Amino acid sequence: MSSQRSFDNPVWAWEQRVLRQWWTFPLCGFVGCTLLGQGRFWSWVGLQSVDDPSTSMWCSKTWMVVLFFLFIPLLWRCGIPLGRFLSQKAPKIPWALAVSLLCVACVEWGVRSPLWQNAFWLAVRARAGQQDHFQRELSSLRLDALEFRSSDAPDPLIVIGSSQVLHGLDFHMLREMVKPRPVIRSAMFGMTPLKALSAWRYLRVTKKSKVLMWLSAFDFTNQQSFPIDWLRPLASWQGTPGVLSCYSFKERLQHRWKVVDLMVASSLELWRIRDYFHSLEFRFWGVSELNNVPAALSPQQQARMKNEMRYDLKLMPFELNAFQSLTDKMRTCGASLVVFEGGVNPELASKTRLQYEQDIRTWLNDQAVQHDFIFVPTTDQDLSLLNEDWTDMTHLNSSGRLKNTRYVAAYLLTMRSMGQKEN
Amino acid sequence: MLFNSMSFLVFFLAVWGIYLRLPHRKQNVLLLLASYFFYGCWDYRFLGLIAFSTILDYGAGLRIAASENIRVRRGYLWISVVLNLGILGYFKYSNFFIENAEVLLQLLGITPHHWRLDIILPVGISFYTFQTMSYTIDVYRRQMSPCRSLIDFATYVAFFPQLVAGPIERASRLLPQIQHTRTVTWAAVQSGFWLIMWGLFKKAVIADNLAGLVDQGFNAGHYQAGSVLMSVYAFAFQIYCDFSGYSDMARGLARWLGIELMVNFNNPYFAVNPSDFWRRWHISLSTWLRDYLYIPLGGNRKGPVRTYVNLSLTMLLGGIWHGAAWTFVIWGVYQGGLLMVHRAWSYGRKETSTERWTWLRRILMFHAVCMGWLLFRAQSLGQVGSMFAAFWRAPTWDLWAANSALAIFLVSWPLWVVQYLQERTKNLDVPAQLSLFPRTALYATVTIMLLVMGNAGGKAFIYFQF
């Protein structure tokens, strides 16, 4: 294309006109620095007011940005003969496309950098709405993972599990009670064994870690068959092969595009963060909602949902496989695992549930023997939870949380004093 | 099977791989089979309908061309037109007419029996019906000779890149390309690839991202001026990018098959007046309506009053073509009204060419178009009223509107840049002619935005419902 250029070509003429005004580029860089500098960027990230207006805009960063913008017209100008040369030498190669892929790779490298990650996840967390529990937990997990990379926490206690743990443990109190051992909160809403396996890279399990996991019959039943929206932001090649191996060939074929999605997410951070980039895009200045009237569920739908969720339980084999893979992974890396059975409000009585509870308990007991971990069933937990200790059917309220935290801390301290199974 | 889905990618690459290895006649058979398979993936029950429409117009074309008797020729033309429009009317408008007849009867004091036809609208019926009708009319007018090969004609009707949402290709343009040997050049593959990427960007990044905003804005329980304005702006970009994105992808895919489809959009939001807008928006439909409706009605040859009547009638039918709802009817009337006002205003005036005025006219025209989009998108006339009322009842600018304004900018800025360049250089092929640096920057931006912001769920295209 470039070889056919002539001054009559309006595209070429336009480029020349822009390049003649090369000084506008560094000027734009300077204006950008003034708009985003002086702490404004970080205050936007955290949705706070500017806290450090005294910082001079004439800092080295400003000059670097201005210099970078100065390079743009230079690169552009050099690109004209270079493009012509390349298209003459190898006209069949789509050079622009090839170079653009290189640029994408550079951007991918940039978004993996701690600085960018820190700013991004802080911004995402600040923009989580009241109901966006997963978004909040996810950004905290990703931010904690960044901090952990640069610190050397000795023998950490890593807590994993779903909302049962998040509601059921007072982490501040637990940290105080088990001092000096650090407690890392890696539990997230909806974290079943499959999801924990997928998030392996961010759980930061090391040789000296003790992993505390909460599981109930609900973690193995009625789960979404391939929860890609949950798995995508935490996908990595440390977790994805394990996740895929939990499914049969037929299931993988059935979810083929989700498998592809997960594999792309494991390779590209740009793909991994996509759902949360959307939240920045639409909540740039903060969380805002219109007064949309949600479509109300009919009483029949509500009853069916409740029924499906808590009574008509259906076992998910991939969750059982995932738990086995998870225990294998823990054993391989030398971490010790303690599995607490999560309790359920005694009001939620159903024959099916009780049967499942019993089956899962037996299965976990067998697994504990085979895979060398500690399993603490509800029957062995000295908790004495009453009806008034529950917020709903599966989550503890503040009084229940207090009882549970005290019990867990006491259990850990006893274990430590006994030296039983300690790292 | 949507263009923006993984299934389509696999389907297309498989078809393309085989296609390149076949001789011309077999390529057409493959295209026909692939097109029927593609359509059958939506709903195989309607394959019979498309086959019927094909055979009807193929036969009518041959009969019309074979006869010298004007009455016979006109007879076959009428059979084709009535049957085609009958099928379209039955599937698309039956329930609309029944509903309105019921309302009318109620007004007359008669309580009608409440009944509806259980009809599913076949995807793309409005597009292929108009396409086949144009063939028969062109043969009748002796503007083209009939197609002798049923395979070729069926491929023309069902050509999968443009089957479900256009462009509405004229037989005189597409049929010769199907009938003659095609060559797929490396340059065509490269430019086709860019069109596919650009179309996908428009659809998955701009249209699909703005869809959520539009839904929230239009379904808000309580309207405020700022949010109404942003919702309408968002819808203006959503509908444009959704439809033109499809057209771009269709053109890109066809180019990979060695076929050149017509340009369906030419930067419509740069239009300076209503006539200009309709020369740039959905060009295949507007030229169809011009050639087969407006001009046969007399066009502007029969005095100003008749011109206005013809304009409003054409635009009314253009509105109804989009769907069976009063909002579409009113949208058509509104567009006809705009055209009439513009014609009356510009009667005897010279076109101003000052750049400053051009921008002002563009902005005014864009807002006039947005007003039309409000009518187009609203669920009811009551909603239109409530949304308009927000401008004097609640003229406020809230956080949602501020976020939306920025979101619209963030997702659509590359579109503005490219279109500005296209408009400035009067060249739609600008991206391919840029030098290495800006072209690389554009490709990289589009790729990154597709990765980070693109909707991977494969949302259906808005125009499929028409």
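The following paragraphs describe a predicted model, beginning with the contact between chain A and chain B and then turning to features within each chain.

The size of an interface is often given as the accessible area lost when the parts come together. For chain A and chain B, that buried area is about 4,300 Å², and 71% of it lies on carbon and sulfur atoms. Within chain A, the residues that lose the most area to chain B are Trp257(A), Phe282(A) and Leu290(A), which together account for 15% of what that side buries. The contact draws 46 residues from chain A and 51 residues from chain B.

The polar component of this interface can be described in two parts. Between chain A and chain B, 13 residue pairs are in polar contact, with both residues at pLDDT 80 or more. Salt bridges, by contrast, number zero across the interface under the rule applied, which requires a side-chain nitrogen of Lys or Arg within 4 Å of a carboxyl oxygen of Asp or Glu. Several helices of chain A each supply at least two residues to the side that touches chain B: α1 (10-20), α4 (60-89), α5 (95-111), α15 (256-267), α16 (269-272) and α17 (274-282). Sorted by class, that side of chain A comprises 29 nonpolar, nine polar and eight charged residues.

Chain A also contains a sheet. Strands of a sheet pair through backbone hydrogen bonds, either parallel or antiparallel. In chain A, five strands form an open sheet with parallel pairing, in the order β2-β1-β3-β4-β5. The edges are occupied by β2 (183-185) and β5 (374-376) of chain A; each has a single partner strand, so one side of each is left without a neighbour in the sheet. From one strand to the next, the twist averages 20°.

At one of these edges, β5(A) is joined by three bridges to the parallel strand β4 (residues 336-341) of chain A. Val376(A) in β5(A) has Phe340(A) standing opposite. Helix α19 (residues 317-333) of chain A lies across β1 (157-160), β3 (210-215) and β4 of chain A, and runs at about 170° to β3(A).

Although no salt bridge crosses the interface of chain A and chain B, the structure holds 28 salt bridges over all chains. One of the pairs is Glu68(B) with Arg142(B), whose closest N and O atoms are 3.4 Å apart. Glu68(B) lies in the loop between α3 (47-66) and α4 (70-107) of chain B, and Arg142(B) in the loop between α5 (125-140) and α6 (150-158) of chain B, so the pair ties together parts that are 74 residues apart in sequence.

Key
Residues numbered from 1 in each chain as written. Chains lettered and ligands numbered in written order. Predicted model: local features only at pLDDT ≥ 70, side-chain atom pairs only at ≥ 80, totals over all residues. Heavy atoms only, no water. Contact = heavy atoms within 4.5 Å. Buried area = accessible area lost by both parts, 1.4 Å probe. Polar contact = N/O pair within 3.5 Å; in protein donor to acceptor, adjacent residues only side chain to side chain. Helix = DSSP H or I, 4+ residues; strand = E, 2+ residues; numbered from the N terminus. Nonpolar A, V, L, I, M, F, W, Y, C, P; charged D, E, K, R; others polar. Pairing = 2+ DSSP bridges. Axes fitted to C-alpha atoms, helices over the stretch in contact; angles between N-to-C directions.
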